[in-house]
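Biologist: I am new to this structure, and I would like to learn how its features are read. Could we go through them together, beginning with a single residue?

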Amino acid sequence: MRIAVDHRSHYRFSQPQARIVQMLRLTPCDTQDQTVVSWMVGVDCDARLRDAVDGFGNAVTMLYAEGPIEALDVTVTGEVLTNDASGLVRGSSEPLPPMLYLRTTPRTLPSEAITAFAQESAANARDALDRLHRLNAALHVRFPRVDDLPDSGATAAAAFVGKAKTSRDVAQIFIAAARSLGAPARYISGYHGDGTTHHAPHGWAEAHVERIGWVGFDPVTGLSPDESYVRVAVGLDADGAASIAGTRIGSGEEELDIDLSVEQLGGEE
């Protein structure tokens with residue numbers, strides 16, 4: 001499938017900023033089932049951009065801008081060709097061993113409630129892969145309507161007992177639950193061309209299964225990702241795979257608006 005992405009982040013500051021430094025995890029990488037046809041990251045001010053690769057294998061762009069800066073627009077446009085691999089992740093950059101992804105973070109620490117939920121959902125599973133699919137389906141039943149919204153900052157434990165509000169929330173719950181079952185799991189940030197309006201990138205999860213490899217799970221749908229997904233960044237949690245992260249030197253408040261369009265253009269031409 002050919003997917004077009006138009007992602008615009010609009011920052012506005014109540015007072016001019018002296019300096020802004022940002023890490024942009026906005027560029028997808030090629031895999032066996034994902035080919036970047038064209039991709040451009042741009043800013044609307046005098047800034048220095050430097051491309052690099054982080055420790056997780058993500059393509060990153062470092063942005064350095066000197067003030068005074070009253071507003072900043074970051075624009076991403078591009079097209080990607082994708083193929084349905086039944087959730088399997090094939091040909092991705094893997095600089096780190098799977099066991100690293102058993103490491104918990106403050107946002108993915110499994111609570112007793114999450115651990116119990118994971119064990120109950122996987123009680124009658126045939127094998128490790130079936131356990132993860134059952135967990136994914138059970139989370140979809142528990143949180144049937146979740147949108148792509150800006151990060152709430154909630155932990156997996158808080159989102160589980162409350163009401164998960166974003167795709168990030170349920171992805172982090174899946175990660176916490178999967179790790180409690182002994183499966184390495186990680187957060188994925190990217191895009192989902194499902195024909196609905198998005199206000200932030202989509203979040204889902206991947207878990208490692210012995211003798212199979214990394215497999216994607218999206219608890220928002222209860223299924224594995226298909227050709228309508230564009231995989232961008234990997235992290236231990238939503239913070240580690242955030243599309244834009246950084247610092248600014250200057251006082252005042254910051255406002256962020258996101259315009260995001262993900263369009264399915266059809267099959268490969």
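Modeller: Let us begin with Arg25, keeping in mind that this is a predicted model. Arg25 has a relative accessible area of 11%, and because buried means under 20%, Arg25 counts as buried.

Biologist: Where is Arg25 found, and which backbone oxygen does its side chain reach?

Modeller: Arg25 is found in strand S1, and its side chain reaches the backbone oxygen of Gly240 at 3.3 Å. Leaving aside residues up to four places away in sequence, Arg25 touches a set of residues that includes Asp54, Asn58, Asp239, Gly240 and Ser243.

Biologist: How is empty space found, and how much of it lies in the largest pocket?

Modeller: Rolling a probe the size of a water molecule over the atoms shows where empty space is left. Here the largest pocket holds about 410 Å³ of space, and of the 26 residues that line it, the closest to its centre are Tyr11, Ser243, Ile244, Ala245 and Leu256. The largest share of that lining, seven residues, comes from S1, while the lining as a whole divides into 14 nonpolar, seven polar and five charged residues.

Biologist: What does helix H2 pack against, and which of its residues are buried?

Modeller: The buried residues of H2 are Asp130, Leu132, Leu135, Asn136, Ala138 and Leu139, and they pack against helix H1, helix H4, strand S6 and strand S7. At the start of H2, a side-chain oxygen of Asp127 comes to within 3.3 Å of the backbone nitrogen of Leu129.

Methods:
Residues numbered from 1 in each chain as written. Predicted model: local features only at pLDDT ≥ 70, side-chain atom pairs only at ≥ 80, totals over all residues. Heavy atoms only, no water. 1 Å grid on protein atoms, 1.4 Å probe; cavity = no way out; pocket = protein on both sides within 12 Å on 5 of 7 lines; lining within 4 Å. Points joined across faces, edges and corners; volume = space filled by probe spheres on them. Helix = DSSP H or I, 4+ residues; strand = E, 2+ residues; numbered from the N terminus. Nonpolar A, V, L, I, M, F, W, Y, C, P; charged D, E, K, R; others polar. Buried < 20%, exposed > 50% of the residue type's maximum accessible area, 1.4 Å probe, protein only. Contact = heavy atoms within 4.5 Å. Polar contact = N/O pair within 3.5 Å; in protein donor to acceptor, adjacent residues only side chain to side chain.
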